[in-house]
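Reader: I work at the bench and would love a close look at one spot in this model. Could you start with a residue whose backbone stands out, and then walk me outward from there?

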Amino acid sequence: MSSVNIQTEKKFSLQTFFFQWEWLLLLIFVMINIINAHLSPYYLNTFTLLDATMGFLDKAFIALPMAFVIIFGDIDISVGSTVALSSVVMAVLYNAGVPMYLAMLACLSVGLICGFINGILIVKFKELSAIIVTLSTMILYRGIAYIILENQAAGGFPQWFSFLGWGYIKGIPFILALFAVTALVFAFLLHKTTFGRKVYAIGNNAVASRFSGVKVDKMKVIVFTLTGFMTAVASLFLTSKMGSTRPNIASGYELDAIAMVVLGGVSTSGGKGRMIGVILSIFIVGLLRYGLGLINVSSQIVLIIIGLLLIVSVMISSLNIRMGKSKE
Amino acid sequence: MKKLFVGILCLVMMISFAGTSAAAQTAGRYALIVKSAGNPYNENEMKGFAKAIKEIGGTAILKAPAEPTAEAQIMMIEQLIAQRVDAIAIAGNDPDALQPALTKAMKRGIKVLSLDSAVNPQSRMVHVNQADSEKIGRSLIQGIYEMIGGEGQIAILSATSQAANQNTWIEWMKKELKKEKYNKVELVKVAYGDDLRDKSVSETEALLKSYPNLRGIIAPTTVGIAAAGKVLSDKELKGKVELTGLGLPSEMAEYITNGICDWMYLWNPIDIGYLAGYTAHALVNGEITGKVGDTFTAGDLGKKEVIAVGGGTEIMLGAPFKFDAGNIDEWKEVY
């Protein structure tokens, strides 16, 4: 189990290098682009492709920290509700006369607090698994959002706020530029810092990590809080894109984000996975969905195709692990 | 490993070829986005739209999101902008949230109109309205008043809380209820079934549980009224709780025949789609611009005129039609 991740200490072999999950993802990515371009005359166009990223990158901000959570062997299914709650709080505060930048800060704080609560509950009640804790908070956060807005919509944000979701910087969508920077930061955090090492260590064996002096509880609280914060960032983008908000927005976002992470090769049993895989799979899922939309495939069939892609990829990855084991 | 690669490749190829037929190109391409998939009312709208576009000689692109959300519709609008379609007709899941996406479409020269459920006037050139909203709202209250014998608690089972059409009708219902005649009628709750069958069923059950003295339910949505009809039938509440609203004859025939619902209203959803198709065509070829007083010929429906309603302009289909035990059998085969 533990030998899978410590790549730096294994001696380099060409075979293992090319049998990595990320190569398969890259292949899928290239294939999807070729097929999309072949099917729709509108696909292979710089503007179209840049525009396409604006449609799915909001979820990607959740997928990045979610990778950390899943490497722990945990899961956070409350993120969709956190998006709704933080967005609703922002809208209500703004409509009550609070300046927009303060309302945006409040949105980020709500996300932070929601994540912090998840983290604290998970480390204080160890007998409960993360899925149970976040299932409860998922219902709780969504419930609070409904109490605040009662099935209504709120909006009327200032004009400049729509820049987040719709704006361009020198021809590049703002959301894409910010995502690129954020993704680099997260990749650095996971692969080049002791923080990242500890995340893998906990995912492989939490007890052993604790005995080796890793503050497991503190690490978990930090990662869940970070997830909450990034979820609020996603909430800002989604709200900006819609120009108004309701308590029922972002339903199903948790599953989309988790699907991106799992397709990226992060194992739900913990301890395994890399950022580059997650980033590739974000673009695979997003561009596949967009491409299918461009040729007007009906939305139910799109769901089936993405489901199939997920099943096949998880099957291959488990096969991959088994093959790797039999060779050792 | 190799076999698996080949397997995936085949799968993706299969999927991709399944979709090629939709990518055909012709002179005029007209897109319709309805509220959600799997709703017979929406399917009939699409049928009518496709019929109109076929008569015109263009290509119809029909889209229905899996969930009745504005998020999903925004994504579809962007895909249509990228395809450079000539016109987008949309039944909005939210009056305001689609504004950035639809104004972007209009800036790129795409003609935008809403039908059935309006988006706000800034996001569209014209709206195709099924029937006079005031008349719908008022006649539903008058109907339930008669059914419950003039007194008791009533509730409304609507679609999503952001559906512009339902909200307008509910406004008019509330205005009608202010009349002195309705002093003994109490509107206890507006519930939202989100046009999802299971949620509409559970909302109906919750209404019956929370208000044991409930005498009537108005469901101004085809999904809601069918769900409520099913619950009232299953619980054998005929005569105890009355039901009216807007329903599809094919879905409601059973409940009208067995007396759960004495009568209900609707217009022909095929005609709305059809009218939207011709309106889109008139916008594209410059026959109308969406200004008050513009006129055009909408195929079999004859001459139509653009009128001002609220802050925007509309094209009206006609009056709502009443369905009861006397005529339901002949209509249930039609739609």
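Author: Lys170(A) counts as exposed because it has 5 C-beta neighbours inside 10 Å. Here a residue is exposed if 12 or fewer other C-beta atoms lie within 10 Å of its own, buried if there are 20 or more, and partly exposed in between, with C-beta atoms placed from the backbone. Before we go on, please keep in mind that this is a predicted model, where local features need pLDDT of at least 70, side-chain atom pairs count only at pLDDT 80 or more, and totals for chains, interfaces and linings use all residues. Residues are numbered from 1 along each chain as its sequence is written, while chains are lettered from A and ligands numbered from 1 in the order in which they are written.

Most residues other than glycine have a negative phi. Lys170(A) is not a glycine, yet its phi is positive, at about 50°. Its place is the loop between β2 (168-169) and β3 (172-173) of chain A; strands here are DSSP runs of E with at least two residues, helices are runs of H or I with at least four, and both are numbered from the N terminus.

Chain B offers a similar case in Glu236(B), another residue other than glycine with a positive phi, near 50°. Glu236(B) sits in the loop between α8 (222-234) and β9 (242-245) of chain B. With 9 C-beta neighbours inside 10 Å, Glu236(B) also counts as exposed.

Back in chain A, let us turn to the helices. Two packed helices are described by the angle between their axes and the distance between the axes. Helix α8 (residues 174-192) of chain A packs against α13(A) at an angle of about 150°, the axes being 9 Å apart. Such axes are lines fitted to C-alpha atoms, for helices over the stretch in contact, and the angles run from 0 to 180 degrees between N-to-C directions. α8(A) and α13(A) are therefore roughly antiparallel to each other; that label applies over 145 degrees, with roughly parallel under 35, roughly perpendicular from 65 to 115 and oblique for the rest. On the α8(A) side, Ala183(A), Phe186(A), Ala187(A), Leu190(A) and His191(A) meet Met275(A), Ile276(A) and Ile279(A) of α13(A), where contact asks that C-beta atoms, placed from the backbone, lie within 7 Å. This contact divides into 7 nonpolar, 1 polar and no charged residues. Ala, Val, Leu, Ile, Met, Phe, Trp, Tyr, Cys and Pro count as nonpolar, Asp, Glu, Lys and Arg as charged, and the others, Gly among them, as polar.

α13(A) has another partner in helix α12 (residues 253-263) of chain A: their axes come within 7 Å and cross at roughly 125°. These two are therefore oblique to each other, and the crossing of α12(A) and α13(A) is right-handed, meaning that the near helix is turned clockwise from the far one by less than a right angle, whereas anticlockwise would be left-handed. Ala259(A), Met260(A), Val261(A) and Leu263(A) from α12(A) meet Val278(A), Ser281(A), Ile282(A), Ile284(A) and Val285(A) from α13(A). That gives 8 nonpolar, 1 polar and no charged residues.

α12(A) is mostly covered, with 9 of its 11 residues buried. Among the buried ones are Tyr253(A), Glu254(A), Met260(A) and Leu263(A). After α12(A) comes Gly265(A), whose phi is positive, near 95°.

α13(A) also leads us to chain B. The contact between the chains takes 34 residues from chain A and 34 residues from chain B. On the chain A side, α2 (21-39), α3 (46-71), α11 (216-242), α13 (275-294) and α14 (299-327) each supply at least two residues. α14(A) gives the most, with 6 residues. By class, the side of chain A that touches chain B has 17 nonpolar, 14 polar and 3 charged residues. In helix α2 of chain A you will find Ile35(A), which is buried, with 22 other C-beta atoms within 10 Å.

Finally, a packed pair inside chain B: helix α2 (residues 40-56) and helix α10 (residues 269-284) pack at about 40°, with axes 6 Å apart. α2(B) and α10(B) are therefore oblique to each other, and their crossing is right-handed.

Terms used. Two residues are in contact if their C-beta atoms, placed from the backbone, lie within 7 Å.
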